[in-house]
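Student: Could you go through this structure with me and explain how each label is earned?
Tutor: Gladly; let us put each value beside its rule and then conclude.

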Amino acid sequence: MDSGNKVTVLGAGLMGHGIAQVASQVGKFEVSILDVERSYLDRGMKMIGDSIGKFVEKGKLSKDEGEAALGRIHPTLDLAEAVKGSSLVMEAATEDPKLKLDLYRRLAQLAGEDTILASNTSSISITLLGSATKKPENVCGMHFFNPPQLMPLVEIIRGNKTSDRTVSQVKDASVRLGKETVLCKKDSPGFIVNRILVPALNEAIFLVQEGVAAPEDIDKAVKLGLNWPMGPLQLLDYVGLDTTLNIMQVFMNEFEDSKYRPSPLMKEMVRAGLVGRKSGRGFYEWGSPSATKSK
Ligand code: NAD
């Protein structure tokens with residue numbers, strides 16, 4: 001593997017497999033992808049293969065380009081091997097502060113002096129992740145959207161000690177991946193997009209709770225009145241009410257402002273296991289639980 005052109009993706013789940021695919025298919029990087037169990041890596045590689053297959057089917061990629069893109073992605077279970085010679089580590093591991101802090105402590109021992117550690121976290125402080133390393137100036141937020149293969153935006157988040165060099169290199173890498181970037185100048189919960197979106201989703205649940213309108217009418221209103229491609233309650237079912245509740249709780253704790261109070265109906269639905277598509281039911285019926293996990 002040509003290490004000068006190498007990047008690393010940690011986590012082969014919903015986001016990690018997509019980021020690895022974009023890094024290879026669009027960025028033409030050699031990509032090491034790591035997960036904690038062989039079966040997760042195999043599942044991630046299968047999702048990448050299936051997705052590349054769809055690009056080929058639609059004529060957006062030739063068969064040879066598709067094979068080459070798959071050939072540049074190297075799965076491994078060994079963290080030292082994954083980060084060796086890598087200029088950029090894009091971390092997309094499970095959204096669990098303890099797990100991520102432990103991972104960053106280990107990365108601090110293994111990554112090169114100048115290697116950038118970029119987290120795809122949706123809610124954990126970049127400054128906190130940086131504090132687990134020896135070089136917090138190399139730690140940055142690089143927040144992709146789901147699915148990374150199709151969504152054009154990366155939010156770049158500057159932690160308290162992130163250097164200008166790190167921000168500029170993450171921007172360059174994002175552009176090489178074909179993405180548009182925005183800079184979040186402060187490490188603030190929800191960054192830009194989720195800070196706007198998640199309270200709006202919460203407000204839609206308040207409308208249901210207060211009996212103001214039926215879920216179908218709330219979704220219809222927002223689709224036709226605001227031109228959203230999907231109504232907020234349908235979107236909640238896709239994102240997961242559990243994930244949304246976690247984010248509202250982070251906002252509530254961090255900002256200490258009652259405007260971020262999670263809707264009691266959302267709490268009740270999460271307790272009842274009505275979290276959306278992945279459990280088979282949320283605001284809508286989805287049939288049998290989806291196999292796709294989401295965080
Ligand atoms: P996921 O559960 O689908 O995947 C996470 C993967 O990380 C799993 O395969 C897990 O085995 C693996 N993992 C756990 N510990 C690890 C470790 N120590 N090293 C490497 N891999 C490890 O979750 P996801 O939805 O892909 O989320 C990953 C990250 O992306 C989270 O930080 C999440 O907040 C963020 N994110 C998610 C979305 C979304 O829509 N799901 C969008 C933007 C950002």
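**Reading the labels**

Tutor: In this predicted model, an oxygen atom of the ligand lies 2.6 Å from an N or O atom in the side chain of D35.

Student: How much of the ligand does the protein bury?

Tutor: Taken alone, the ligand exposes 830 Å², and the protein buries 92% of that area.

Student: What makes the approach of D35 to the ligand a polar contact?

Tutor: A polar contact needs a pair of N or O atoms within 3.5 Å, and because the pair at D35 is 2.6 Å apart, it meets that limit. Oxygen atoms of the ligand also lie 2.9 Å from a polar backbone atom of L14 and 2.8 Å from a polar backbone atom of M15.

Student: Which residues come nearest to the ligand, and which helix gives the most to the shell around the ligand?

Tutor: Of the 25 residues around the ligand, the nearest are M15, D35, E95, K100 and N120. Helix α5 gives the most to the shell, with four residues, while α1, α2 (38–57), α5 and β6 each supply at least two.

Student: Why is E91 said to form a salt bridge with K100?

Tutor: The rule asks for a side-chain nitrogen of Lys or Arg within 4 Å of a carboxyl oxygen of Asp or Glu, and since the closest N and O atoms of E91 and K100 are 2.5 Å apart, the pair qualifies.

Student: Are these two residues buried or exposed?

Tutor: E91 has a relative accessible area of 1%, and K100 likewise has a value of 1%; because buried means under 20%, the label fits both residues.

Student: What makes the salt bridge between E113 and K135 one that ties together separate parts of the sequence?

Tutor: The side chains of E113 and K135 meet at 3.6 Å, N to O. E113 sits in the loop between α5 (97–110) and β5 (116–119), and K135 in the loop between α6 (126–131) and β6 (139–144), so the pair ties together parts that are 22 residues apart in sequence. E113 is exposed, with a relative accessible area of 58%, whereas K135 is partly exposed at 25%.

Student: Which residues do salt bridges with shared partners join into one network?

Tutor: That network consists of E91, E95 and K100.

Student: How do you know that K63 is exposed and E67 partly exposed?

Tutor: K63 has a relative accessible area of 58%, and because exposed means over 50%, K63 earns that label. E67, at 48%, counts as partly exposed. These residues form a salt bridge with the closest N and O atoms 3.3 Å apart, and, being four residues apart in helix α3 (residues 63–71), they are separated by about one helical turn.

Student: Why is strand β1 described as largely enclosed?

Tutor: Five of the five residues of β1 (residues 6–10) are buried, so the strand is largely enclosed by the rest of the structure. K6, T8 and L10 point one way from β1, and V7 and V9 point the other way.

Student: How do you know that β1 pairs with β2 and with β4?

Tutor: Pairing needs at least two bridges, and because five join β1 to β2 (residues 30–34) and four join β1 to β4 (residues 88–91), both pairs satisfy the rule. Each of these pairs runs parallel. V7 stands opposite V31 in β2, and L10 stands opposite E91 in β4.

Definitions and conventions: Residues numbered from 1 in each chain as written. Predicted model: local features only at pLDDT ≥ 70, side-chain atom pairs only at ≥ 80, totals over all residues. Heavy atoms only, no water. Buried < 20%, exposed > 50% of the residue type's maximum accessible area, 1.4 Å probe, protein only. Near = heavy atom within 4 Å. Polar contact = N/O pair within 3.5 Å; in protein donor to acceptor, adjacent residues only side chain to side chain. Areas by Shrake-Rupley, 256 points an atom, 1.4 Å probe, with all protein chains shown as cover.
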